[in-house]
Amino acid sequence: MRRLTLPLFVALLALVPVVLPSSAEFYVTLLNYIGLYALVALGLVLLTGVGGLTSFGQAAFVGVGAYTTAWLTTAFGWNPWLTLVIAFAATTLVALALGFITLRMGGHYLPLGTIAWGISLYFLFGNIESFGGHTGLGGIPPVSLFGMELKSGREFYYLIWIALMLGVVATQNLLDSRDGRAIRALKGGVVMAEAMGVNTAWYKIVIFTIAAQFACVSGWLYAHLQRFVNPTPFSLTQGIEYLFMAVIGGVGHVWGALLGAGLITILKQWLQDLLPKLLGQSGNFEVIVFGLVMIFVLHRARDGLWPVIMQRIERFLPSGGDSRQVEPAEALPRRDRPVGGDTILEVQQVTKRFGGLTANNSVSFTVRAGEVMALIGPNGAGKSTMFNCISGVNPPTEGEVRFLGQRVDRLLSREIARRGMSRTFQHVRLLPTMSVLDNVAIGAHLRGSRHFVHASCRLDRDEERRLRAEAAKQIERVGLAEHMFDAAGSLPLGKQRIVEIARALAADPCLLLLDEPAAGLRYLEKQSLAELLRKLRSEGIGILLVEHDMDFVMGLADRIVVMEFGEKLAEGLPKQIQEDPKVLQAYLGGVE
Amino acid sequence: MDFQIALLLGQDGLTNGAIYALLALALVLVFAVTRVIFIPQGEFVAYGALTLAMLQAGKLPATLWMIAALGAAIVVIDGAIAIRHGAARRLPRIVLSNLGVPLALLLIVPNINAAGLPLIAQIALTLAVVVPLGPMIYRLAYQPIAEAPVLILLIVSVAVHVVLIGLGLLFFGAEGTRTPAFTDGTLDLGVTMLQYQTLWILAISAVLIVALYAFFGRTLYGKALRATALNRTGARLMGISTTMAGKLSFTLAAMIGTFSGILISPITTLYYDSGFLIGLKGFVGAIIGGLASYPVAAAGALLVGFLESYSSFYASAYKEVIVFTLIIPVLLWRSLTSHHSEEEE
């Protein structure tokens with residue numbers, strides 16, 4: 001039943017211009033506009049709902065698309081299809097440049113930058129003489145397709161909705177892919193994504209550019225539908241309205257863009273008729289209603305209306321059985337591993353200062369392949385700081401970290417991850433709404449190479465199967481097979497830590513950094529975790545472990561380093577450590 | 001451009017820059033304390049000027065009905081919460097604190113000849129009518145989601161902005177107005193003429209900036225706001241209510257915005273939607289200061305003022321393009337110099 005929904009919807013859309021009588025031209029126009037707006041809102045779904053960034057300047061990108069084609073086709077008589085390519089290229093360049101400038105900084109600089117850019121481009125359109133100033137440009141030629149000129153709204157309808165449906169499908173494909181997972185990881189903060197090898201700055205620029213490109217195509221379509229452009233539809237007000245559409249419809253869902261565009265467009269028509277009569281004045285009073293609805297939605301249903309509607313539908317029309325599965329696929333290639341016993345990590349005299357606070361003071365130790373090295377010490381001893389120094393999350397102030405013989409203390413965490421170091425976090429960093437499988441598959445990010453262009457055309461399926469199979473393998477390995485498709489956030493905290501281990505393993509590491517993996521686990525779970533770590537050790541993986549559970553550490557570790565107040569207190573075999581008077585004093589207090 | 005024109009433009013730039021600086025300070029303050037990027041800051045400029053104009057025209061300012069309506073909405077929400085928590089005895093206080101001022105003003109204003117009052121009384125009335133909008137908007141739009149991500153708060157700000165723009169059109173109409181100068185006439189300095197209003201603007205801006213400085217440095221509430229800006233959780237553990245801090249910072253922002261509107265409406269015609277661009281220019285200044293540094297934000301705002309006034313001479317049509325494009329090199333400079341800071345922990 002539900003599988004038929006989409007084909008039915010498409011068939012219905014295709015029939016609209018055929019069945020509507022010529023007296024109902026208004027509805028064709030309305031649907032054309034909904035399609036154009038939805039295309040822009042779709043870009044915002046990717047940017048805001050999925051990536052956690054936002055832009056109020058999408059209308060300006062629509063303007064770039066519209067004005068490029070309007071000017072080139074009227075002033076130079078160029079073919080609209082050629083100007084589409086040029087508009088696309090121009091938008092891409094502008095978006096890349098703006099993205100490079102604003103995306104390196106905190107989240108709010110992008111929206112503020114886009115507000116400024118939206119205003120400035122609007123005034124620019126209105127002041128360039130060859131663009132016709134505020135009066136605009138007319139006489140734009142119609143688009144020809146297979147020798148047929150698309151002059152009427154009904155003919156153009158198909159072009160708009162085909163473009164929109166292609167956009168929807170491409171976006172859905174993209175989200176369900178390796179790059180899609182990386183993009184969804186942006187919302188969970190960049191630290192985890194970077195530690196899994198994701199170049200977060202690049203992905204932010206990518207989604208900003210894709211959103212701009214959708215807007216540009218919408219603008220190109222608009223110009224050839226209207227055959228006339230002026231600056232008004234590209235103002236900041238319209239840019240804000242696009243964001244309203246996406247947020248009210250459901251900014252995290254591809255179909256939310258359509259829903260939002262439809263709702264706002266129809267509501268606007270209705271309110272523009274109603275409100276001036278009601279208030280006895282003319283003016284754009286519908287913005288009052290839109291603004292209030294926005295505030296209400298953000299307070300009460302931050303994910304927009306689409307998920308609310310879907311929940312109702314689920315209740316009456318259950319989705320009928322869980323069809324999710326992992327298809328078998330050829331295993332991913334594995335990296336060359338160092339021979340057991342070789343030193344893989346050397347920490348030499350590492351010091352980390354935060355302002356006046358010295359969190360690590362000249363600490364040195366090594367980890368060998370095929371051993372479990374435990375880092376223990378009271379709270380605040382600087383263990384997690386040391387982890388961050390080693391994994392490049394927060395590089396050391398002084399000292400050297402060598403991994404597989406090369407210095408890594410000045411490398412970014414994603415570069416270190418590429419060399420075969422993987423880690424978990426003390427404060428679990430999973431994407432709570434994503435399935436366990438998808439979360440773990442982020443760990444395998446660097447083992448794939450197909451990117452968003454492949455993904456949107458579904459040229460990545462072979463690799464995607466292999467990545468998913470790898471993720472599934474690691475989930476089974478850590479004993480969470482039954483939770484494979486559950487939302488990661490629905491698991492108890494202890495199990496979430498285990499998911500983090502599976503994610504780290506999906507990277508095929510030769511060194512594993514585990515920050516308190518046993519915290520929150522029950523006795524039997526701890527035993528099976530210890531079993532897993534022993535097995536990994538026997539495979540030649542080096543493990544560096546921070547843990548407070550002494551039974552767990554003493555039973556598992558080959559060697560132990562004890563830290564206190566940022567300094568190394570002792571190092572040795574578990575038995576030596578247990579008898580070391582300094583360690584006893586640090587843990588139990590001195591004997592008076 | 002001769003020396004005379006340069007001086008004249010400089011005077012313009014300085015006057016506008018002083019206003020932008022005030023707004024930039026308010027924006028930095030609100031952002032630091034509440035993490036709200038207060039896009040509607042500019043609306044207070046327009047509301048202030050147009051409310052004053054309505055009072056002077058002998059009309060009942062529509063903003064008065066707005067504070068009454070918002071006050072009533074808060075009474076309903078807070079009242080419902082109080083009753084649900086079995087604290088119905090708090091109801092009189094809730095009613096009084098939210099509807100007291102609006103109802104008193106609704107009783108007083110129509111029965112006095114506001115148009116005949118001295119200017120200073122009219123200004124005081126305007127402040128009394130418009131400033132309560134600040135904390136009321138905070139209570140209704142922001143307080144329920146005070147811990148939401150900056151991005152969500154920003155989108156709420158934009159929503160509040162469009163609501164205020166729509167209401168502004170409804171209240172004040174599409175006509176622009178000017179109000180009379182505090183002191184008429186000009187001061188002849190020999191090389192140039194200086195309007196007295198310009199002097200008023202500069203003097204009052206300076207006084208306000210010094211007053212804010214003293215407020216933050218010397219008073220308990222000022223220190224509480226600074227503590228909240230530094231660390232919300234820490235401040236709360238010290239017994240500082242973040243809700244109080246939010247309302248207070250919005251009150252200050254509303255006051256600064258309203259007063260800025262009153263200051264500039266004698267020298268420039270303000271429409272219901274003029275405030276937005278004025279506020280955004282304050283923003284450009286605030287961003288130059290990284291939304292964190294008060295002195296750099298103020299200096300940035302002055303720079304915006306000068307840039308605007310000189311570019312209006314050379315390329316008047318492109319004035320806004322130039323001012324808002326300035327933000328691009330500024331952002332580039334900031335992104336290259338500031339260390340890429342991590343959002344968490």
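Here a biologist and a modeller talk through a few features of this predicted model.

Biologist: What should I keep in mind about the numbering and the model?

Modeller: Residues are numbered from 1 along each chain as its sequence is written, and chains are lettered from A in the order in which they are written. The model is predicted, with local features needing pLDDT of at least 70 and side-chain atom pairs counting only at pLDDT 80 or more, and side-chain values use heavy atoms, without hydrogens and water.

Biologist: Why is A:Leu15 called partly exposed?

Modeller: Buried means under 20% relative accessible area, exposed means over 50%, and partly exposed lies in between (1.4 Å probe, protein chains only). A:Leu15, found in helix α1 of chain A, has 45%, so partly exposed is the right label.

Biologist: And what makes A:Trp78 partly exposed?

Modeller: A:Trp78 sits in the loop between α3 (58–75) and α4 (80–102) of chain A. Its relative accessibility is 36%, so A:Trp78 counts as partly exposed too.

Biologist: How far is A:Trp78 from A:Gly189?

Modeller: They are 45 Å apart in space, C-alpha to C-alpha, and 111 residues apart in sequence.

Biologist: Why is α10(A) called oblique to α11(A)?

Modeller: Angles under 35 degrees count as roughly parallel, over 145 as roughly antiparallel, 65 to 115 as roughly perpendicular and the rest as oblique. The axes, lines fitted to C-alpha atoms over the stretch in contact, with angles from 0 to 180 degrees between N-to-C directions, cross at roughly 120 degrees and come within 7 Å for helix α10 (residues 236–250) and helix α11 (residues 254–279) of chain A. That is why α10(A) is oblique to α11(A).

Definitions and conventions:
Helices (H or I, at least four residues) and strands (E, at least two) are DSSP runs, numbered from the N terminus.
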